[in-house]
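Reader: I am new to this structure and would like to work through it slowly, one question at a time. Could you show it to me before we begin?

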Amino acid sequence: MENIENNEIAFNSRIPLDELKTQIASIKTEMHKVIVGQEELIDLLLVALISNGHVLIEGVPGLAKTLTAKLLAKTVQTDFSRIQFTPDLMPSDILGTSIFNNQTNNFEFKQGPVFSNFILIDEINRAPAKTQAALFEVMEERQITIDGTTYKMEQPFLVLATQNPIEQEGTYALPEAQLDRFLMKITIDYPTLEQEVQLLQLEQTNDYSDKTSLLNPVVNAQQLIELQQLAQKVVVEPHLIQFIAQIVNNTRNHNFLYLGASPRASIAILNASKSFALINGRDFVTPDDVKYVAYYVLNHRLILAPEREMEGITIKDVVKQIVDTVDIPR
């Protein structure tokens, strides 16, 4: 009888998931009004959203990177801001600047487009290092400091950045310090033939100029914050924490890698695993959750040894090898 009572207590204390499942399903339904396929991309964006982490989306032009980010923002009833990065963009164009007011004889701070909830940075590698560096503080600490004054970002705050991996003319590679501030990097590929046919049929049958107008907000800012808080309550067993730490530790002494991952990567895998479990209707993390998110969290944080890169080995190969060879502690 005592065991039954304890089990009942444990069951009653589990995270309520019914409303969450409804919200996740609603977001996916809205996005699929326009997006064909890309299930993995949508799932990973939801993981980042619930983990309160930034995302770097990489792919050739025309794969709906920007559109997907705009659609995700449309499903959440919050402020949205898009910044097109160009070589002549200055830090003040993003953060804001102090302007002298002749009427008050004082300088007044005019907020830049970064003061929003969803920030879409299109072609982030187009801006020079000085402008990219302007994002360091706001991405990590959710605040900016201008003229000695600190301004806190309103929550939720999420940066979605895109970049084209093919075209290198007029681009500036993101430094490792900035890459490390992204929770994950998602690389998207061309759709299948069937998906492209479905996409063309959708384009043919829908008469609209603004695709985002088809979507309706299904979650407000407060509900999103509550989802993020809910993810922190997902159960992670001690042996899985050991598993995550071992994976990241193995990146630091792997012969194929020139640069391994930092403890920030360990925290990112932990948070992403909890969010991935949550969107799959579970209040506990499994080893498969860790294995699934590990590549997306690590792929932009690791640097291959030059000789291994010349041999055609990829980061994906190395991460898979590490994840598959680390034993799950019991």
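Reader: Which residue in β6 does Ile83 stand opposite?

Author: This is a predicted model, and what follows is computed from it. Strands β3 and β6 run parallel and are joined by 5 bridges. Within that pairing, the residue of β6 that stands opposite Ile83 is Ile121.

Reader: In what order do the strands of the open sheet of 5 strands lie?

Author: Strands of a sheet pair through backbone hydrogen bonds, either parallel or antiparallel. In this open sheet of 5 strands the pairing is parallel. The edge strands are β3 (80-84) and β10 (184-187), each of which pairs on one side only, and neighbouring strands are turned by 20° against each other on average, direction ignored. The order is β3-β6-β9-β1-β10.

Reader: Which residue of β9 stands opposite Leu120?

Author: Strand β9 covers residues 158-163, runs parallel to β6 and is joined to it by 4 bridges. Leu120 has as its opposite residue in β9 Leu160.

Reader: What angle does the direction of helix α4 make with that of β6?

Author: Helix α4 (residues 65-75) packs on the sheet, where it touches β1 (55-58), β3, β6 and β9. With the direction of β6, the direction of this helix makes an angle of about 175°.

Reader: How many of the residues of β6 are buried?

Author: Both faces of this strand are covered, and on one side the buried residues are Phe118, Leu120 and Asp122. On the other side Ile119 and Ile121 are buried as well. Strand β6 is therefore described as mostly covered, because under 20% relative accessible area counts as buried and the number of its residues that are buried is 5 of 5.

Reader: Turning to the rings, how far apart in the chain are Phe115 and Tyr151, which form an aromatic pair?

Author: There are 7 aromatic pairs in the model. In one of them, Phe115 and Tyr151 meet edge-to-face, with 6.2 Å centre to centre and 85° between the planes. Phe115 lies in the loop between β5 (106-111) and β6 (118-122), whereas Tyr151 lies in strand β8 (residues 149-152), so the pair links distant parts of the chain, at a separation that the computation gives as 36 residues.

Reader: Is Tyr296 buried or exposed?

Author: Tyr296 forms an edge-to-face aromatic pair with Tyr295, at 5.4 Å centre to centre and 70° between the planes. Its partner Tyr295 has 23% relative accessibility and counts as partly exposed. Tyr296, by contrast, has 10% relative accessibility, so Tyr296 counts as buried.

Reader: Which residue has its charged end over the ring of Tyr295?

Author: Tyr295 belongs to one aromatic cluster together with Phe276, Tyr292 and Tyr296. A charge over a ring also occurs at Phe284, where Arg282 lies over the face at 5.7 Å from the ring centre. Over the ring of Tyr295, 5.6 Å from its centre, sits the charged end of Lys316.

Reader: How many residues apart in sequence are the parts that Arg301 and Asp180 tie together?

Author: Side chains of opposite charge can pair when their charged atoms come close. The side chains of Arg301 and Asp180 meet in a salt bridge of 2.7 Å, N to O. Arg301 lies in the loop between α13 (287-298) and β13 (303-304) and Asp180 in the loop between α8 (176-179) and β10, so the parts tied together are apart in sequence by 121 residues.

Reader: Which residues are linked with Arg301 in a network of salt bridges?

Author: The structure holds 12 salt bridges. Both Arg301 and Asp180 are buried. The residues linked with Arg301 in a network of salt bridges are Glu140, Asp180 and Arg264.

Reader: Is Glu311 buried or exposed?

Author: Glu311 meets Arg308 in a salt bridge of 3.3 Å, N to O. Arg308 is partly exposed, with a relative accessible area of 23%. The relative accessible area of Glu311 is 52%, so this residue is exposed.

Reader: What is the relative accessibility of Lys110?

Author: Lys110 forms a salt bridge with Glu108, and the closest N and O atoms are 3.9 Å apart. Glu108 counts as partly exposed at 29% relative accessibility. Lys110 also counts as partly exposed, and its relative accessibility is 42%.

How values were computed:
Residues are numbered from 1 along each chain as its sequence is written. This is a predicted model: local features need pLDDT of at least 70, side-chain atom pairs count only at pLDDT 80 or more; totals for chains, interfaces and linings use all residues. Side-chain values use heavy atoms; hydrogens and water are left out. Rings of Phe, Tyr and Trp (its six-membered ring) pair if their centres lie within 6.5 Å; planes under 30 degrees apart count as stacked, over 60 as edge-to-face and the rest as tilted. Helices (H or I, at least four residues) and strands (E, at least two) are DSSP runs, numbered from the N terminus. Buried means under 20% relative accessible area, exposed over 50%, partly exposed in between (1.4 Å probe, protein chains only). A charge sits over a ring if NZ of Lys or CZ of Arg is within 6 Å of the ring centre and within 35 degrees of the ring normal. Two strands pair if DSSP finds at least two bridges between them. Axes are lines fitted to C-alpha atoms, for helices over the stretch in contact, and angles run from 0 to 180 degrees between N-to-C directions. Contact means heavy atoms within 4.5 Å. A salt bridge is a side-chain nitrogen of Lys or Arg within 4 Å of a carboxyl oxygen of Asp or Glu.
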